[in-house]
Every structure is written in C-alpha cells, then in structure tokens.
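Visitor: I'd like a close look at one part of this model, with enough of the surroundings to make sense of it. Could you walk me through it in one go?

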Amino acid sequence: MDAIWLTGAEWLGVLRIGLGLWWLESWRHKDRKAWFERGTGIAWAAGIAAKHRWNAVRSGFEVMVAPRPRTMAYVVVYAELAIGLGLVVGFLSPIALVGGLLLNVLYFTLMIHDVAEQGQNSMMALMSVVALFGMSWQTWSLDAVVGWFG
C-alpha cells in the first residue's frame with residue numbers, strides 16, 4: 001500500500017485516534033449534571049422515541065430505557081467516555097470500536113428523521129468499520145505495546 005507522509009497503518013491509527021477524540025467531544029459537551037440529576041438526556045430521547053415512526057423503536061425504548069432512566073443516563077455518558085479513551089490510547093481498541101459502532105447504530109436509528117444526526121452517526125459508524133477491519137490498533141496503541149489482538 002502506498003501512502004503519503006505516513007504509512008497506511010499509521011493513517012489507520014490517525015483515524016482511530018480521531019474517532020476517539022470525536023467520542024470524547026461528545027462526552028465533554030454533555031451537561032452531566034443535567035443528565036444525571038434532572039434526567040434531561042433520557043427525557044429528550046423519550047420524547048423522540050414516543051413519536052418515532054417505527055413501533056420497534058417506541059416499544060424497545062419503553063422496555064429497555066424508560067424503566068431505568070438514571071441508570072441509562074450513566075450508561076450513555078460513560079460509554080462515550082470509555083469508547084473515546086479506549087480509542088485515543090488504543091486500549092481494548094476492537095472492543096471500543098464495536099461498542100462505538102453499536103452506539104452509533106442506536107443513535108442513528110433513534111434519530112432516523114434528523115439529517116444532521118444521520119450524517120454524524122453514519123460517518124462515525126463508517127470510521128469504526130474501517131478502523132476495525134483495518135486493525136487500527138497496530139500503530140500508536142497500548143494494544144500494540146502489550147501485543148493484544150495481533
């Protein structure tokens with residue numbers, strides 16, 4: 001593989017780190033006090049789910065998220081942090097990439113009517129797939145230092 005300035009593996013490392021920084025920014029800009037104490041994030045999602053065009057999304061939200069809004073707020077906020085940190089430092093990178101991909105698919109599905117959210121989540125999902133199948137943890141990662149994941 002020919003590449004300019006960096007090797008192909010290094011460019012995949014850049015992609016992984018950049019995706020991790022995107023997740024960290026998603027975590028950083030959240031008003032955690034509002035999410036945890038007032039439940040704003042889950043309440044907002046509940047409003048979206050209640051009007052969703054797909055019954056599976058409405059019923060899935062009611063079964064999985066609505067009964068435990070505080071727990072789900074912590075899961076969402078700290079999943080974004082864990083994914084971001086894992087990708088930036090390259091720690092358990094394949095797991096972070098799959099977790100991020102799943103979260104993007106969930107966000108994309110919930111916000112299917114919002115073009116901006118569709119764009120962001122589809123691009124993050126694509127980056128996850130490329131970084132995963134390109135084994136982006138081979139360069140500039142703790143995984144490579146320890147020798148995990150080949």
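What percentage of the 150 residues in the protein chain is buried? And with that as background, please zoom in on the largest pocket: how much space lies in it, and which residues line it closest to its centre?

Guide: Happy to. One caveat first: this is a predicted model, so read everything below as computed from that prediction. On your opening question, buried residues account for 37% of the 150 in the protein chain.

Let's set the scene before going into the pocket. The protein chain has eight helices and zero strands, and reading along the sequence you get α-α-α-α-α-α-α-α. Along the principal axes, its C-alpha atoms fill a box of roughly 50 × 30 × 25 Å. If you take contacts between residues at least 6 apart in sequence, 71% of them join residues at least 24 apart. On the outside, the protein chain exposes about 8,600 Å², and carbon and sulfur atoms supply 70% of that. As for charge, there are 11 positive and 10 negative ones, and their mean positions sit 11 Å apart.

Now the pocket itself. Rolling a probe the size of a water molecule over the atoms shows where empty space is left. Here, the largest pocket holds about 840 Å³ of space. It is lined by 33 residues, and the ones closest to its centre are Ala45, Val76, Leu106, Tyr107 and Leu110. The elements that each give two or more residues to this lining are helix H1 (8-28), helix H3 (40-50), helix H4 (55-64), helix H5 (69-89), helix H6 (93-110) and helix H7 (115-133). H6 gives the most, with six residues.

To get a feel for the helices that contribute to the lining, pick a residue on a few of them. On H3, have a look at alanine 46. Alanine 46 counts as partly exposed, because its relative accessibility is 27%. Its C-alpha atom is 14 Å from that of isoleucine 112, and the two residues are 66 apart along the chain.

On H5, valine 77 is a good one to click on. Valine 77 has 0% relative accessibility, so it counts as buried. Leaving out neighbours within four places in sequence, valine 77 is in contact with Trp27, Lys30, Arg32, Trp35 and Phe36. One of those contacts, lysine 30, is 47 residues away in sequence, with a C-alpha to C-alpha separation of 7.8 Å from valine 77.

On H7, try valine 130. Valine 130 is partly exposed, because its relative accessible area is 38%. Setting aside residues up to four places away in sequence, valine 130 touches Leu12 and Leu15. Valine 130 also sits 9.0 Å from arginine 16, C-alpha to C-alpha, across 114 residues of sequence.

H2 is worth a quick stop too. Helix H2 covers residues 32-38, and arginine 38 lies in it. Arginine 38 is exposed, because its relative accessible area is 57%. Beyond neighbours within four places in sequence, arginine 38 is in contact with Asp31 and Lys33. The C-alpha atoms of arginine 38 and arginine 70 are separated by 9.0 Å, with their positions 32 residues apart along the chain.

Finally, some backbone spots you may want to inspect. Most residues other than glycine have a negative phi, and most peptide bonds are trans. Tryptophan 5 has a positive phi of about 75° although it is not a glycine. Tryptophan 5 lies in the segment before H1, and it counts as exposed because its relative accessibility is 76%. Tryptophan 140 isn't a glycine either, yet its phi is positive, about 55°. You'll find tryptophan 140 in the loop between H7 and helix H8 (142-146), and it is partly exposed because its relative accessible area is 43%.

To come back to what you asked for: the largest pocket has about 840 Å³ of space, with H6 as the biggest giver to its lining.

Key
Residues numbered from 1 in each chain as written. Predicted model: local features only at pLDDT ≥ 70, side-chain atom pairs only at ≥ 80, totals over all residues. Heavy atoms only, no water. Helix = DSSP H or I, 4+ residues; strand = E, 2+ residues; numbered from the N terminus. Buried < 20%, exposed > 50% of the residue type's maximum accessible area, 1.4 Å probe, protein only. Contact = heavy atoms within 4.5 Å. Areas by Shrake-Rupley, 256 points an atom, 1.4 Å probe, with all protein chains shown as cover. Lys, Arg positive; Asp, Glu negative; His and termini not counted. Charge placed at Lys NZ, Arg CZ, Asp CG, Glu CD. 1 Å grid on protein atoms, 1.4 Å probe; cavity = no way out; pocket = protein on both sides within 12 Å on 5 of 7 lines; lining within 4 Å. Points joined across faces, edges and corners; volume = space filled by probe spheres on them.
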